[in-house]
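Student: I am new to this structure and would like a close look at a single part of it. Please take one sheet and go through it strand by strand, then follow the connections outward.

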Amino acid sequence: MCGSCNSPVYHPFFNEADRNLADMLPSMRFLADSMEELPAEKVQRVHVHVPDDCFGFLHETAIIEYHGVLYASWYNCTVHELNGYTPICEKRSYDGGKTWTDLQIVADDPTGKILYCPPVYAIDNERLYLLLNQMVAPDHIHSLDLYCLNPATDRFELLWSRPIPFKLNTNAVRLPNGKWLLPGRTGELDKFPNTPAVLISDSGSIDSEWRLVKIAENGDLPDGERLVHPEISVICADDRLYMFCRNDNRHVPLIYVSDDSGETWSGVCGHDIPYIGSKIYTGTLTDGRNYLIANIDILNRFRLAVYFSGNDRLCFDKRMILYDSGLPEFAGTSACHYPAACEADGYLYIISTLNYENFERRGALLHKIKL
């Protein structure tokens, strides 16, 4: 971390209510005084899936590399978001993201009564797992389901489904103590979750019991507003967990901190990374650098950026703009958001939801960055 701030951090997109909330929060600093802008011209971009007559809507992508193969998945809808038939679908790439297989359905309810979202990959004990949620309505969580790739059939097969009222984010994190941690949010079963929380596997196994720990007692903010869609993503640095949080009703970027492997958490703090209005995704590269991917600066998800820190530090001093709707190369699109990433073979693979000119039509775009 670059340091603490003695005064609140204000961002250009703040309104008066945002400034008032920022005044109530302790602040943390993660951006270096000088930010190096990395050129994006060499980023390789591939359209993993485009809207078609079968599925015009795609959202909440995930990606992982396993035994030389890239696996990408998401939820699809025929036309409108989380309306009717909503399966989890996947594609695979055997050539580093250049080409992708045909769409395969991993989990679905043909009646459309059960909706599925979002996929989360994890590799444990040399096995590839896929976690996902069942819902009875948009974001009304019905269960947590665990699938595992069967080498014999080369398909994901259901291991168990449990009534845990927890909405996944898009990453699973192995903690320094060997336990697994899932960032997300909780609430009552079959109702809308708005409280930041984590699931912890004490055994250190994906295929085991998961224990719920609330990050906050509820979704209330100090100014009396409530969190909505508090999607979270964690970085482990020096045995401290930094949980970055989306904040829709206010535009103040938020963070929570844990010094005991996720068992207890600090009160909410503000910080200086200018993300706004969408999911954040964080991770740590094999060389010790941390990264954070988010929509920044302005509303409506018009710009997507990735920040990089120095080795073994949580002070971001490099940034690359992955998407800007105002640039000619993105003509015909309107937004790029909900990133997820994995590292493999010297590259960072970032997959994201891509909106076309009609905001209801969405596909998946891959950014391949040489590290």
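Tutor: Strand 26 and strand 27 (residues 347–356) run antiparallel and are joined by nine bridges. One of the facing pairs puts Glu343 opposite Leu348, its bridge partner in strand 27. The model is predicted, and what follows describes that model.

These two strands belong to an open sheet of four strands, with the order 4-28-27-26 and antiparallel pairing. Strand 4 (44–49) and strand 26 (333–344) stand at its edges; each has a single partner strand, so one side of each is left without a neighbour in the sheet. From one strand to the next, the twist averages 25°. As for what holds such an arrangement together, strands of a sheet pair through backbone hydrogen bonds, either parallel or antiparallel.

Within this sheet, strand 28 (residues 362–370) holds Lys368. What does Lys368 touch, if residues up to four places away in sequence are not counted? The list is Val43, Gln44, Gly96, Tyr347, Leu348 and Tyr349. Leu348 has already appeared above as the bridge partner of Glu343. Lys368 is buried and yet has no salt bridge. The nearest side chain of opposite charge is that of Asp95, 7.5 Å away. A polar atom of the Lys368 side chain does, however, lie 3.1 Å from the backbone oxygen of Gly96, a residue that is also in the contact list.

A second open sheet can be set beside this one. It has five strands in the order 3-25-24-23-22, and its pairing is mixed. Strand 3 (31–37) and strand 22 (281–284) are the edge strands, each pairing on one side only. Neighbouring strands here are turned by 25° against each other on average, direction ignored. At one edge, strand 22 pairs with strand 23 (residues 290–295) in the antiparallel sense, over four bridges. Thr282 stands opposite Leu292 of strand 23.

Another antiparallel pair is formed by strand 18 and strand 19, with six bridges between them. Cys236 stands opposite Leu241 in strand 19. Strand 18 is mostly covered, with five of its six residues buried. The two strands make a hairpin with two residues between them. Asp238 sits in that turn and has a positive phi of about 55°, although Asp238 is a residue other than glycine. Is Asp238 buried or exposed? Its relative accessibility is 73%, so Asp238 counts as exposed.

A positive phi of about 55° is also found at His229, again not a glycine. His229 lies in the loop between strand 17 (211–214) and strand 18 (232–237). With a relative accessible area of 25%, His229 is partly exposed.

Last comes Ile255, in strand 20 (residues 254–258). Its relative accessibility is 0%, and therefore Ile255 counts as buried. Leaving aside neighbours within four places in sequence, Ile255 is in contact with several residues, among them Met28, Phe30, Tyr242, Met243 and Phe244. Its contacts also include Gly267, Val268, Cys269, Gly270 and His271. By contrast, Trp74 is 181 residues from Ile255 along the chain, and the C-alpha atoms of the two are separated by 26 Å.

Note on methods:
Residues numbered from 1 in each chain as written. Predicted model: local features only at pLDDT ≥ 70, side-chain atom pairs only at ≥ 80, totals over all residues. Heavy atoms only, no water. Buried < 20%, exposed > 50% of the residue type's maximum accessible area, 1.4 Å probe, protein only. Lys, Arg positive; Asp, Glu negative; His and termini not counted. Salt bridge = Lys/Arg side-chain N within 4 Å of Asp/Glu carboxyl O. Polar contact = N/O pair within 3.5 Å; in protein donor to acceptor, adjacent residues only side chain to side chain. Contact = heavy atoms within 4.5 Å. Pairing = 2+ DSSP bridges. Axes fitted to C-alpha atoms, helices over the stretch in contact; angles between N-to-C directions.
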